Amino acid sequence: MLPEDEEKPIPTTGDAGPPEAPLSAAAGRRRGGRTIRAKYGEDYYQRIGQKGGEVLKERRGSEYYRTIAQKGGNANVSKYGSDHFSDIGKKGGNTTKQRQDPDFYRRIGKLGGAAKRRKKQP
C-alpha cells in the first residue's frame, strides 16, 4: 500500500503496458476489475469518483444539488404519498424512544427553540 501522501497514477489510453498474451474480449471483461485493482490499488475507483464529483460540483455549483434533491423528494411524495412520511416519522420516533433513556424527550423538549440551528450556506 502506498503512503497517504503518494498518489497512484490514473491510467490513460496510452498507459496499457506491455501486451502479455492475447485475450478474447470475454476473458478481458472478466478480469478487468481485478486487473485495474491490482495495478492502481483498492481505492482507485473511490479516488476517481471523488475527483469526478468535485469537478461536477465546480461546474454546476451547489444549486444543482439542491435542485436534484428537491426533484427526488417530490418523486418520493408522488410515489408514496404524504401519509408515508408521517408513518416513517412515527416509526423513527418510537425507535429513538426505545434506544434512549426515559428522560431523552423531556431533555430535548426543554431545549425547544433554544437549540442553535446552522445557517444555510447559499
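This report describes the fold, the aromatic pairs and a nonpolar surface patch of one protein chain.

The model is predicted, and its protein chain contains five helices and zero strands, so that a reading along the sequence gives the pattern α-α-α-α-α. Of the 122 residues in the protein chain, buried residues make up 5%. The chain exposes about 11,300 Å², of which carbon and sulfur atoms supply 53%. Where contacts are taken between residues at least 6 apart in sequence, 49% of them join residues at least 24 apart.

**Aromatic pairs**

A pair of aromatic rings is described by the distance of the centres and the angle of the planes. The count of aromatic pairs in this model comes to four, and among them is the pair of Y44 and Y45, which is edge-to-face, with 5.1 Å from centre to centre and 70° between the planes. The rings of Y64 and Y65 also form a pair, with their centres 5.3 Å apart and their planes at 75°, and this pair is edge-to-face because planes over 60 degrees apart are classed in that way.

The surroundings of these tyrosines can be read from their accessibility. Y44 has a relative accessibility of 7% and counts as buried, because this value is under the 20% limit. Its partner Y45, at 46%, counts as partly exposed, because the value lies between the limits of 20% and 50%. Y64 is partly exposed at 24%, and Y65 is likewise partly exposed, at 31%.

| Residue | Relative accessibility | Class |
|---|---|---|
| Y44 | 7% | buried |
| Y45 | 46% | partly exposed |
| Y64 | 24% | partly exposed |
| Y65 | 31% | partly exposed |

Beyond the pair of Y44 and Y45, ring pairs link Y40, Y44 and Y45 into a cluster. Y64, for its part, has a charged neighbour in addition to its ring partner Y65: R60 lies over the face of Y64, at 4.6 Å from the ring centre.

**The nonpolar surface patch**

Which residues make the nonpolar surface patch? The patch, of about 350 Å², is made by V77, Y80, F85 and I88, and the helices α3 (62-80) and α4 (82-99) each supply at least two residues of it. F85 is found in helix α4, and its relative accessible area of 34% makes it partly exposed. This residue can belong to the patch because patches are made of residues with over 30% relative accessible area, a limit that the 34% of F85 passes.

Technical notes:
Residues numbered from 1 in each chain as written. Predicted model: local features only at pLDDT ≥ 70, side-chain atom pairs only at ≥ 80, totals over all residues. Heavy atoms only, no water. Patch = residues over 30% accessible without salt bridge, like charges linked within 9 Å, V, L, I, M, F, W, Y side chains within 5 Å. Areas by Shrake-Rupley, 256 points an atom, 1.4 Å probe, with all protein chains shown as cover. Salt bridge = Lys/Arg side-chain N within 4 Å of Asp/Glu carboxyl O. Helix = DSSP H or I, 4+ residues; strand = E, 2+ residues; numbered from the N terminus. Buried < 20%, exposed > 50% of the residue type's maximum accessible area, 1.4 Å probe, protein only. Phe/Tyr/Trp six-rings, centres within 6.5 Å; stacked < 30°, edge-to-face > 60°. Lys NZ or Arg CZ within 6 Å of the ring centre and 35° of its normal. Contact = heavy atoms within 4.5 Å.
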